[in-house]
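Dear colleague,

Please find below the structure that I am handing over to you. My notes on what was found in it follow directly after.

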Amino acid sequence: MGRMPSAERRRQLVEAAIRAMTRDGVARTTTRSICAEAGVSLSVFHYCFESKQALLEAAIETINANYVARVMSAVEPGATLRETVRGALQSYWDHVTARPGEHMLTYDLTQYALREPGFEHLARAQYEQYALSAGALVEQVRAVRGLEPRVPVETVARYLAAAIDGLTLQFLVLSDEKTATDLLDLTADQLVSLIEG
């Protein structure tokens, strides 16, 4: 491959890592297999990242940023607050059902980080980012609807992150679309209650 800016190489390696880890699991994915997936030499990896830990951190950030961008772009004023919230949740959910392997990867990353000495902070950072992402969504919904939540945004955000995390894992295990839809509806109702009062 020709010369490429380091930021582009980093992006290439992160995308390759996400593909490889989605397919093979985090524990079985090595820096060599990531380089093979990206079609680059191991020296390129070491030029772009100081460690596998740094690459995992970048992968988590990329996955979260993609989710947030997808959902934020879907936040449009509906006829009601509930329609606005439910539409944003559906945008996320469409990605879960279209790409379940990528969502399984997020749980694999969490478990790997918790079990691997020195990586624990990645799991904490991952879940802090979930809460920040949920907070950004709540803020955008609030702004679109011109509302002041009756419960602090941070509390609503942590509730939303926990609810969606549990709902996603349950769906990945059970593959029950009807129950998932019912629970998304319930989550939307609860969020409306927390935001609107």
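How many aromatic pairs does the count come to? In this predicted model, the count comes to five aromatic pairs. One of them can be described in detail: the ring centres of Tyr127 and Tyr130 are 4.8 Å apart and their planes stand at 65 degrees, so this pair is edge-to-face. The cut-off behind that label is an angle over 60 degrees. Both tyrosines belong to helix α7 (residues 120–145), where Tyr127 and Tyr130 are three residues apart, about one turn of the helix. Their surroundings are as follows: Tyr127 is partly exposed, with a relative accessible area of 30%, whereas Tyr130, at 14%, counts as buried. Elsewhere, ring pairs join Tyr92, Trp93 and Phe171 into a cluster.

I turn next to the charged side chains. The structure contains 14 salt bridges, and three of them are set out here.

- Glu8 and Arg11 form a salt bridge, with N to O at 2.1 Å. Both residues lie in helix α1, three residues apart, which is about one turn of the helix. Glu8 is partly exposed at 29% relative accessibility, and Arg11 is partly exposed at 37%.
- Arg86 and Asp185 meet through their side chains in a salt bridge of 2.6 Å, N to O. This pair links distant parts of the chain, with Arg86 in helix α5 (residues 81–98) and Asp185 in helix α9 (residues 177–196), 99 residues apart. Arg86 counts as buried, at 12% relative accessibility, while Asp185 is partly exposed at 25%.
- Glu128 and Arg158 are joined by a salt bridge of 2.8 Å, N to O. Here too the pair links distant parts of the chain: Glu128 is in helix α7 and Arg158 in helix α8, 30 residues apart. Glu128 has a relative accessible area of 39% and is partly exposed; Arg158 is also partly exposed, with 37%.

In addition, salt bridges that share partners connect Arg19, Arg23, Asp24 and Glu37 into one network.

Asp24 also appears among the contacts of Thr29, which touches Ala20, Met21, Asp24, Ile34 and Lys52, leaving aside residues up to four places away in sequence. Thr29 is located in the loop between α1 (6–24) and α2 (31–38). Is Thr29 buried or exposed? Thr29 counts as buried, because its relative accessibility is 0%, and the cut-off for buried is under 20%.

As to the cysteines, a search of the whole structure finds zero disulfides. Cys35 takes part in no disulfide, and the nearest cysteine sulfur, that of Cys48, lies 9.0 Å away. Why is there no bond from Cys48 to Cys35? The two sulfurs are 9.0 Å apart, which is too far for a bond, because a disulfide requires the sulfur atoms to be within 2.5 Å. Both residues are buried: Cys35 has 3% relative accessibility, and Cys48 has 7%.

Finally, on the surface, Leu169, Val173 and Leu174 make up a nonpolar patch of about 290 Å². Val173 is placed in helix α8 (residues 153–174) and is exposed, with a relative accessible area of 61%.

Yours sincerely

Key
Residues numbered from 1 in each chain as written. Predicted model: local features only at pLDDT ≥ 70, side-chain atom pairs only at ≥ 80, totals over all residues. Heavy atoms only, no water. Patch = residues over 30% accessible without salt bridge, like charges linked within 9 Å, V, L, I, M, F, W, Y side chains within 5 Å. Areas by Shrake-Rupley, 256 points an atom, 1.4 Å probe, with all protein chains shown as cover. Salt bridge = Lys/Arg side-chain N within 4 Å of Asp/Glu carboxyl O. Helix = DSSP H or I, 4+ residues; strand = E, 2+ residues; numbered from the N terminus. Buried < 20%, exposed > 50% of the residue type's maximum accessible area, 1.4 Å probe, protein only. Phe/Tyr/Trp six-rings, centres within 6.5 Å; stacked < 30°, edge-to-face > 60°. Contact = heavy atoms within 4.5 Å.
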